[in-house]
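Visitor: I'd like to learn how to read a model like this one. Could you walk me through it, feature by feature?

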Amino acid sequence: MNGGAAGPGQGGSAAASGAVVIRAADAETLAGPRVSIRLLADSSTTGGALSTQRVTMAEGADGAVPHTHKLSSELFYVLSGTVDLLTGDRVITGQEGDLVVVPPGLPHAFAASPGHPGELLIVITPGVERFEYFRHLARIATGQVTAESLLDVQDQYDTHFLVSPPWRAARAKPTP
């Protein structure tokens, strides 16, 4: 019995029952060779409350480059593995069960720690339509558009890129 919650084919809308239900089988997944992103709920699905996705990274894989959000906080919950998280000017290592919340304006980034895979649940609140942003990233990964094309949509997705010397130092690959 589903208790009136949205089921497959009902779009996951909050309008019908007051609840948003996204079935795993219905979630869009953007998969690359080292990172996959499961798009769970976008701002329009949650009435603007939040947008959320699940990110799975292979050992040492880069997740998101340093950036800020002017309007939203971002929550990172480590589902499994070990991840490096930039928070302001420091890099912390999170493990399964750890939670980090980054307020608006604070530089942040994430990646799987060297030698470890990592999996995060990410929640942005209030919600920003982000699914098309992740599809844009997938087009960059496949060479359909350039990485520089993201600069044109920073305001649209409330994602503003920056350079972070502490992140660069933490993610530097040692030379053999």
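Guide: Let's start with the order of the elements. From the N terminus on, they run β-β-β-β-β-β-β-β-β-α-β-α. Keep in mind that this is a predicted model.

Visitor: How many helices and strands are there in the protein?

Guide: The protein has 2 helices and 10 strands. As for burial, 40% of its 176 residues are buried.

Visitor: Now the sheet. Which strands does β5 pair with?

Guide: For each partner, look at the direction and at the number of bridges. β5 covers residues 73–87. With β6 (residues 90–95), β5 pairs in the antiparallel sense over 6 bridges. With β7 (residues 99–102), the pairing is antiparallel over 4 bridges. β8 (residues 108–112) is joined to β5 by 5 bridges, again antiparallel. Finally, β9 (residues 118–125) runs antiparallel to β5, with 8 bridges joining them.

Visitor: Can you give me residues to click on?

Guide: Sure. Try D84: its bridge partner in β6 is T93, and its bridge partner in β8 is A111. E74 has V102 in β7 as its bridge partner, while S80 stands opposite E119 in β9.

Visitor: What links β5 and β6 at the turn?

Guide: The two strands form a hairpin with 2 residues between them. In that turn, G88 has a positive phi of about 70 degrees.

Visitor: Which residue has a positive phi although it is not a glycine?

Guide: That's D158, with a phi of about 50 degrees. You'll find D158 in the loop between α1 and β10 (160–161). D158 has a relative accessible area of 4%, so it counts as buried.

Visitor: And where is there a cis peptide bond?

Guide: Check omega for that one. The bond joining T125 and P126 is cis, with omega at about -5 degrees. P126 belongs to the loop between β9 and α1.

Visitor: Let's move on to charges. What's the idea behind a salt bridge?

Guide: Side chains of opposite charge can pair when their charged atoms come close. This structure holds 6 salt bridges. One of them joins E28 and R135, whose closest N and O atoms are 2.6 Å apart. That pair links distant parts of the chain, as E28 is in strand β1 and R135 in helix α1, 107 residues apart.

Visitor: Which residues are linked in a network of salt bridges?

Guide: E28, E132, R135 and R139. Besides the E28 pair, R135 has a salt bridge with E132, with 3.4 Å between the closest N and O atoms. E132 and R135 both sit in α1, 3 residues apart, about one turn of the helix. E132 also meets R139 in a salt bridge, at 2.9 Å from N to O.

Visitor: Are these network residues buried, partly exposed or exposed?

Guide: Partly exposed is the class between the 20% and 50% cut-offs. E28 has 32% relative accessibility, so it is partly exposed. E132, at 32%, is partly exposed too. R135 is partly exposed at 26%, and R139 is partly exposed at 26%.

Visitor: What about pockets? How do you find one?

Guide: Rolling a probe the size of a water molecule over the atoms shows where empty space is left. Here, the largest pocket has a volume of about 850 Å³.

Visitor: Which residues lie nearest the centre of the largest pocket?

Guide: V35, I37, D62, G63 and L137, out of 33 lining residues. β1 (28–31), β2 (35–41), β3 (51–57), β4 (62–68) and α1 (131–141) each supply at least two residues of the lining. α1 gives the most, with 6 residues.

Visitor: Which residues form a nonpolar patch on the surface?

Guide: Y77, L99 and V101 do, and together they have about 280 Å² of accessible area. Y77, in strand β5, is partly exposed, with a relative accessible area of 33%.

Visitor: Last one: which residues far apart along the chain should I look at in 3D?

Guide: Take L50 and E129, which are 79 residues apart along the chain, with their C-alpha atoms separated by 9.0 Å. L50 is in the loop between β2 and β3 and is partly exposed at 27%. Another pair is A169 and V91: 78 residues apart along the chain, with 9.7 Å between their C-alpha atoms. A169 lies in helix α2 (residues 165–171), and at 58% relative accessibility it counts as exposed.

Terms used
Residues numbered from 1 in each chain as written. Predicted model: local features only at pLDDT ≥ 70, side-chain atom pairs only at ≥ 80, totals over all residues. Heavy atoms only, no water. Patch = residues over 30% accessible without salt bridge, like charges linked within 9 Å, V, L, I, M, F, W, Y side chains within 5 Å. Areas by Shrake-Rupley, 256 points an atom, 1.4 Å probe, with all protein chains shown as cover. Salt bridge = Lys/Arg side-chain N within 4 Å of Asp/Glu carboxyl O. Buried < 20%, exposed > 50% of the residue type's maximum accessible area, 1.4 Å probe, protein only. Pairing = 2+ DSSP bridges. 1 Å grid on protein atoms, 1.4 Å probe; cavity = no way out; pocket = protein on both sides within 12 Å on 5 of 7 lines; lining within 4 Å. Points joined across faces, edges and corners; volume = space filled by probe spheres on them.
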